[in-house]
Amino acid sequence: MPQTAEHLTITRHGHVAELALNRPEAMNAVSTALAEELAAACSELARDQDVRVTVLTSTHPKAFCVGADLKERNRFTDAELVRQRPTARAAYTGVLELPMPTIAAVHGYALGGGYELALACDLIVADPTAVVGLPEVSVGVIPGGGGTQLLPRRVGSARAAELIFSARRVAGAEALALGLVDRLAEEGQGRAEALELAAAMAAHSPVGLRNAKRALRLGEGLDLRAGLDVEDAAWRATAFSGDRAEGVAAFNEKRAPNWPGE
């Protein structure tokens, strides 16, 4: 049975959790309520050792997420905006810090904070209807959900600067060519392809998946020697696990592994 909050739905597909944005009346604009629900859902998923991969999707037919709820923001006083900031940050950080591999399935608009939610995932699967971008400077703000840090790590500082300073929107095929998304599915098939990819990943060691992600994330930006030390720590955390013992035994016995997940 799916777990349903007011603006989110969590559905389990075996060891894959699908976290669906479900605020259709606002094209999934990130309100305070949605941000609170997203942070709570990510906290729950992070603790669930049965979840090996998480896929972030949308129930809206024309949008993944159009970013911050500017109608709500327009009603805020400066003091209220300051008080709301930790809530907004917790939502984006919640996705970014999920310990298992994460995939965003993007169709339609993924703008501003919506694209930042996708950037917080490890991989982005889009379809040709996808339109991505960080247009915040066009409304007098800057990306505040990780965009100024995550986009240059994905496409390089000069490309990120051009996209952020111009506030331009990029459609599916160009987004793939520029590295703004990682796969381009057929129209209407982004969610299905993301879930298929997630299922293939989830067949592997949950300990291995989480420690590989940890090494990738912690090692990024370090010099090579420091990065190799991060990798070595993650290797040690995996090499003496039950998953390693089961994986080696299954390989030698020519059978599918039954991962203990520890």
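**Exercise 1. Which residues does Thr32 touch, not counting residues up to four places away in sequence, and is Thr32 buried or exposed?**

Solution. Start with the contact list: Thr32 touches Glu72, Phe76, Gln84 and Thr87, once residues up to four places away in sequence are left out. Keep in mind that you're looking at a predicted model. Next, find Thr32 on the chain: its place is in helix α1, residues 32–47. Last, check the accessibility. The relative accessible area of Thr32 is 17%, and the cut-off for buried is under 20%, so Thr32 counts as buried.

**Exercise 2. Work out where Arg52 sits and what it is in contact with.**

Solution. First, the location: Arg52 belongs to the loop between α1 and β4 (53–58). Second, the burial: with a relative accessible area of 10%, Arg52 is buried. Third, the contacts. Skip the neighbours within four places in sequence, and Arg52 is in contact with His15, Met100, Pro101, Ala202, Ala203, His204, Pro206, Leu209 and Trp259. Finally, try a distance in your viewer: the C-alpha atoms of Arg52 and Pro99 are separated by 9.0 Å, with these positions 47 residues apart along the chain.

**Exercise 3. How do the axes of α9 and α10 cross, and which residues make the contact?**

Solution. Begin with the geometry. The axes of α9 and helix α10 (residues 224–239) come within 9 Å and cross at roughly 170 degrees. Angles over 145 degrees count as roughly antiparallel, and therefore α9 and α10 are roughly antiparallel to each other. Now pick out the residues. On the α9 side, the contact is made by Val207, Gly208, Asn211, Arg214, Ala215, Leu218 and Gly219. On the α10 side, Val230, Glu231, Ala234, Ala237 and Thr238 take part. Sort the residues of this contact by type and you get six nonpolar, four polar and two charged.

**Exercise 4. Which residues of helix α11 are buried, and what do they pack against?**

Solution. Go through α11, residues 242–252: the buried ones are Asp243, Glu246 and Ala250. They cover an arc of only 65 degrees around the axis, which puts them on the same side of α11. Then look for the partner: the buried residues of α11 pack against α9 (206–219). Turn to the other side of α11, and you find Phe251 and Asn252 exposed.

**Exercise 5. What phi values do Met27, Ala167 and Lys254 take?**

Solution. Here's the background: most residues other than glycine have a negative phi. Now take the three in turn.

- Met27 lies in the loop between β3 (16–21) and α1. Its phi is near 50 degrees, a positive value, and at 26% relative accessibility Met27 counts as partly exposed.
- Ala167 is in the loop between α6 (157–166) and β10 (170–171). Phi of Ala167 is near 60 degrees, again positive, and this residue is buried, at 15% relative accessible area.
- Lys254 comes just after α11 and has a positive phi of about 55 degrees.

**Exercise 6. What radius of gyration would a compact globule with 262 residues have, and what does the protein have?**

Solution. Take the expectation first: for 262 residues, a compact globule would be near 18 Å. The protein has 19 Å, which agrees. For a second view, the C-alpha atoms fill a box of roughly 60 × 45 × 40 Å along the principal axes. Then ask about burial: 47% of the 262 residues count as buried. On contacts, take those with a separation of 6 or more; residues 24 or more positions apart account for 67% of them. To finish, tally the secondary structure: the protein has 11 helices and 11 strands.

Conventions. Residues are numbered from 1 along each chain as its sequence is written. This is a predicted model: local features need pLDDT of at least 70, side-chain atom pairs count only at pLDDT 80 or more; totals for chains, interfaces and linings use all residues. Side-chain values use heavy atoms; hydrogens and water are left out. Buried means under 20% relative accessible area, exposed over 50%, partly exposed in between (1.4 Å probe, protein chains only). Helices (H or I, at least four residues) and strands (E, at least two) are DSSP runs, numbered from the N terminus. The arc is that of the directions from the helix axis to the C-beta atoms. Contact means heavy atoms within 4.5 Å. Axes are lines fitted to C-alpha atoms, for helices over the stretch in contact, and angles run from 0 to 180 degrees between N-to-C directions. Angles under 35 degrees count as roughly parallel, over 145 as roughly antiparallel, 65 to 115 as roughly perpendicular and the rest as oblique. Ala, Val, Leu, Ile, Met, Phe, Trp, Tyr, Cys and Pro count as nonpolar, Asp, Glu, Lys and Arg as charged, and the others, Gly among them, as polar. The radius of gyration is taken over C-alpha atoms; the globule rule is 2.2 Å times the number of residues to the power 0.38.
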